[in-house]
Amino acid sequence: MTRRLVGLLVVLAIAWGGLAAIFAAGWLPRLGLDLQGGTSVVLTAPEGTDPELLQVATEIMTRRIEDFGAVQEPDIAISGDDTVVVQLPGVEDEQRAIEAVGQTGLLSFRPVLEAFAPQDAPELTEPDDITMEAYLLYADEQFGDQVLHVGPAALEGSDVAQATPFFDPSGQWVVNLDLTAEGGEAFAKMTGEAANYPPGDPRRQIAIVLDGAVISAPGVSNDVAPGVGITGGRAVITLGSSSNAQQEAQDLALTLRYGSLPVAFEISAVQKVSASLGIDSLQAGIIAGALGLALVAIVLLAVYRSLGLVAIVGLTVFAALLLTLFGLLGQTQGLTLTLAGVTGIIVSIGITADSYIVYYERIKDKVREGAVPEDAAEEGFTLAFRTILTADTVSLLAAILLWFLAVGAVKGFAIALGLATVLDIIIARSYTRRAVALLASTRLGSGGWFSIEGASR
């Protein structure tokens, strides 16, 4: 009995102490888009895109979003054969969300052939590929809007090795650009040709184009030798010292590092979930869970009496361990709790309650056969645990299948169900068996109407 009591206290300390620890550390379960609010963006790749290219694209988008700082825990997942779903919890500004996802097309460096005022320019064009010339709008803060006639791309995003924002000692924000060996040669040739033109000539500019839009058009410095260009595979893009120069430098560096994806996506849908709706969903889930727990507790007390107390405490142990797991996995693996996950948790309350009912019915059968409560508790557990293990194995397999076969919110349900099922098995062995054995050895085992014997009549 002493060993069982110590073991029971250890289990309670781990469950309740773990929950207190994650609350103290601020490691609360991370809420998903549907509970916290935010924005979801659906991106569609061209039909027949290689799955490996989709995987690379999602990795690049993840790095871009994290570096952009728009959202702390982006959830980017491939759905189906050609779709990527980007969920940005906490981001409600749709435009900001699209910026966080990033321009998902091809990055290129192009020579400027001519520049026009918008009213004098030919019709704007969108090049089908980087080998074509195009007329593109450039919103230049210094000189106003321009339409640039750009030539075929001399470099692509894959030629950029690194791009870093930096505050120059001269008091200006710049981007230090490092190129690959092949990119460095192409850049030297392009800048050498641009340096042939006099200062102020738009043909000294190099257009940086992303998704058919000119994001920057820096000019070649006057000290660059014509025909030689900028050599060594390194260049400096000066953004100036204006109030927004720092943000421009950071955004440009980010685009240069991660702007070029291996596949061009189209934005198929943008869905906004308000924070208030997320809070309402969470509150509804908590209320539903609390009502479910209350009803289960009332039924367990009414039918199983003192054994119902063990089940109620066990449900708090189950809830504490489950919340602790969600908190730990949220911090270490980025796991988020979604509305589907809350549904899975509520369903798991029924699974755990079923395990207690199976065990308690075995105890009642043994008591009716003449066994004393202590023996009935031990023998009943041996018989019941096989049933519990079989039922939980089926639930666990269902959760695993859901995880591998389903997409989107159903995965959240599968995670919650899987974690809850594993916990049910552990709690049955570590808590329930010990708690019932200790209860059976007290007056609540055979001491009247509220006892185990009283519930078995």
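Two strands count as paired when DSSP finds at least two bridges between them. With that in hand, here is a walk through this model, which is a predicted one.

**The overall picture**

The protein has 13 helices and 15 strands. Of its 457 residues, 43% are buried. If you take the contacts with a separation of 6 or more, 71% of them come from residues 24 or more positions apart.

**A three-stranded sheet**

Let's start with the sheet that goes β9-β10-β13, an open one with three strands and antiparallel pairing. Its edges are β9 (160–167) and β13 (234–240); each has a single partner strand, so one side of each is left without a neighbour in the sheet. From one strand to the next, the twist averages 20°. Zooming in on one pairing, β9 and strand β10 (residues 173–179) run antiparallel and are joined by seven bridges. Within that pairing, T164 has N176 of β10 standing opposite.

**A four-stranded sheet**

There is also an open sheet of four strands, ordered β3-β4-β2-β14, and here too the pairing is antiparallel. The edges belong to β3 (75–79) and β14 (266–273), each of which pairs on one side only. The twist in this sheet averages 15° from one strand to the next.

Strand β4 (residues 83–89) is a good place to look around. It pairs with β3 in the antiparallel sense over five bridges, and strand β2 (residues 38–44) pairs with β4, again antiparallel, over seven bridges. How enclosed is β4 by the rest of the structure? Largely so, because five of its seven residues are buried.

A few matched positions help to fix the register of β4 against its partners:

| Residue | Opposite residue in β4 |
|---|---|
| I78 | V84 |
| A77 | V85 |
| G38 | P89 |

β3 and β4 also make a hairpin, with three residues between the strands. G80 in that hairpin takes a positive phi near 75°.

As a general reminder for both sheets, strands pair through backbone hydrogen bonds, in either a parallel or an antiparallel way.

**The aromatic cluster**

Now for the rings. The structure holds eight aromatic pairs. One of them is Y359 with Y360, a tilted pair at 6.0 Å centre to centre with 35° between the planes. Both Y359 and Y360 are buried.

Another pair is F381 with F385, and this one is stacked: the centres are 5.3 Å apart and the planes make an angle of 25°. Why does that pair count as stacked rather than tilted? The cut-off for stacking is under 30 degrees between the planes, which the 25° of F381 and F385 satisfies. Both residues belong to helix α10 (residues 373–405), where they are four residues apart, about one turn of the helix.

Are F381 and F385 buried or exposed? F381 counts as buried because its relative accessibility is 2%. F385 has 14% relative accessibility, so it counts as buried as well.

These two pairs come together in one aromatic cluster, made up of Y304, Y356, Y359, Y360, F381 and F385. F385 has a charged visitor too: the charged end of R429 sits over the F385 ring, 5.1 Å from its centre.

**Helix α11 and the start of the chain**

Next up is S430, found in helix α11 (residues 409–440). S430 counts as buried because its relative accessible area is 18%. Its side chain reaches the backbone oxygen of I426, at 2.7 Å.

Which residue from helix α1 (residues 2–25) is worth a look here? That would be G7, which has its place in this helix. With 14% relative accessibility, G7 counts as buried. G7 and S430 are 423 residues apart along the chain, yet their C-alpha atoms are separated by 7.7 Å.

**Pulling it together**

Two open sheets, β9-β10-β13 and β3-β4-β2-β14, are described above, both with antiparallel pairing. On the helical side, α10 supplies F381 and F385 to the aromatic cluster, while α11 holds S430, whose C-alpha atom lies 7.7 Å from that of G7.

Conventions
Residues are numbered from 1 along each chain as its sequence is written. This is a predicted model: local features need pLDDT of at least 70, side-chain atom pairs count only at pLDDT 80 or more; totals for chains, interfaces and linings use all residues. Side-chain values use heavy atoms; hydrogens and water are left out. Rings of Phe, Tyr and Trp (its six-membered ring) pair if their centres lie within 6.5 Å; planes under 30 degrees apart count as stacked, over 60 as edge-to-face and the rest as tilted. Buried means under 20% relative accessible area, exposed over 50%, partly exposed in between (1.4 Å probe, protein chains only). A charge sits over a ring if NZ of Lys or CZ of Arg is within 6 Å of the ring centre and within 35 degrees of the ring normal. Axes are lines fitted to C-alpha atoms, for helices over the stretch in contact, and angles run from 0 to 180 degrees between N-to-C directions. A polar contact is a pair of N or O atoms within 3.5 Å; within protein, one must be able to donate a hydrogen and the other to accept it, and residues adjacent in sequence count only if both atoms are side-chain atoms. Contact means heavy atoms within 4.5 Å.
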